[in-house]
Amino acid sequence: MAEADIPGEVRQFIKDYIRSLFQLEVLLLLHRHRDRDWSPEDIDRELKIGRELANTQLADLHSIGLLTMIDNPFGYRYRPATDELDAAVSKLDAAYKERRVSVTSLIYSTPVDEVRIFAEAFRLRKDK
C-alpha cells in the first residue's frame, strides 16, 4: 500500500508531530489506554524500548500538547490539548492498524529539521 492511501490529515499530523516509530508507538499505547497513568518504566515494560527512551518520548509528547503530567508517581496520561489533536490521533491510530507499513514508511521519509536532530543529540549525551 502506498503513502497516498493514508488520509491527508494523517500525513500532515505525522509531518507536524511524529519524529520516530518509538514516539508513534508510545503515543498510540497511551491513546488506547487513555484512562491510565503511565511512567517511563510502564512504557518500557509494554514496549521494551528502555526507560530513558520512554522518558524522552513521554516528555516530547507532553511538550507538543498530547499528554498531560499527573501529580502522582506515574507521570503522564493521554490528554491532548485540543479536540482536533485527539481526533487526529484517533485517525492516525486507525491508519496505523490498517496500513502499518505505509505509516511507518511515511514516518521515516518525513524530513526532520536539523535543529531538532542537533538538540536530540545533546539530550542523548546528557542522559548517558
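This text walks through a predicted model, from its overall layout to its core, its helix packing and a few single residues.

The protein contains seven helices and two strands. Starting at the N terminus, the order of elements is α-α-α-α-β-β-α-α-α. The chain has 128 residues, and 38% of them count as buried. Among contacts with a separation of 6 or more, 60% are between residues 24 or more positions apart.

In soluble globular proteins, nonpolar side chains tend to be buried together. Here the largest nonpolar core holds 30 residues, and the members that touch the most others are F13, L27, L30, I43, L92 and V103. At least two core residues come from each of helix 1 (8-17), helix 2 (21-32), helix 4 (51-63), strand 2 (76-78), helix 5 (83-98) and helix 6 (100-109). I43 may serve as an example of a core member. Leaving aside residues up to four places away in sequence, I43 is in contact with V26, L29, L30, W38, K48, I49, A54 and L58.

Helix 1 shows how one element is placed against its surroundings. Its residues V10, F13 and I14 are buried. Viewed down the axis of helix 1, the buried residues fall within an arc of 100°, so they line one face of the helix. The cover over these buried residues includes helix 2, helix 5 and helix 6.

Two of those covering elements, helix 2 and helix 6, also pack on each other. Their axes are 10 Å apart and the angle between them is about 130°. Because angles of 65 to 115 degrees count as roughly perpendicular and only those over 145 as roughly antiparallel, helix 2 is classed as oblique to helix 6. On the helix 2 side the contact is made by L21, L24 and E25, and on the helix 6 side by R100, V103, T104, I107 and Y108. V103 is also one of the core residues that touch the most other members.

T104, in helix 6, has a relative accessible area of 17% and is therefore buried, since the cut-off for that class is under 20%. Its contacts, not counting residues up to four places away in sequence, are with L21 and Y96. L21 belongs to the helix 2 side of the packing just described.

A second helix pair is formed by helix 3 (residues 40-47) and helix 4, whose axes come within 8 Å and cross at roughly 115°. That angle makes helix 3 roughly perpendicular to helix 4. The crossing is right-handed. P40, E41, I43 and D44 of helix 3 meet R51, A54, N55 and L58 of helix 4. The contacts of I43 with A54 and L58 have already been named.

E52 is likewise found in helix 4. With 37% relative accessibility, E52 counts as partly exposed. E52 and E41 are separated by 11 residues in sequence, and their C-alpha atoms are 8.9 Å apart.

The loop between helix 3 and helix 4 contains K48. What is notable about its backbone? Phi of K48 is near 60°, a positive value in a residue other than glycine. Most residues other than glycine have a negative phi. At 65% relative accessibility, K48 counts as exposed, because the threshold for that class is over 50%. K48 is nevertheless among the residues that I43 touches.

Technical notes: Residues numbered from 1 in each chain as written. Predicted model: local features only at pLDDT ≥ 70, side-chain atom pairs only at ≥ 80, totals over all residues. Heavy atoms only, no water. Core = buried A, V, L, I, M, F, W, Y, C linked by side-chain atoms within 4.5 Å. Buried < 20%, exposed > 50% of the residue type's maximum accessible area, 1.4 Å probe, protein only. Helix = DSSP H or I, 4+ residues; strand = E, 2+ residues; numbered from the N terminus. Contact = heavy atoms within 4.5 Å. Arc of directions from axis to C-beta. Axes fitted to C-alpha atoms, helices over the stretch in contact; angles between N-to-C directions. Parallel < 35°, antiparallel > 145°, perpendicular 65-115°, else oblique. Left-handed = near helix turned anticlockwise from the far one by under 90°.
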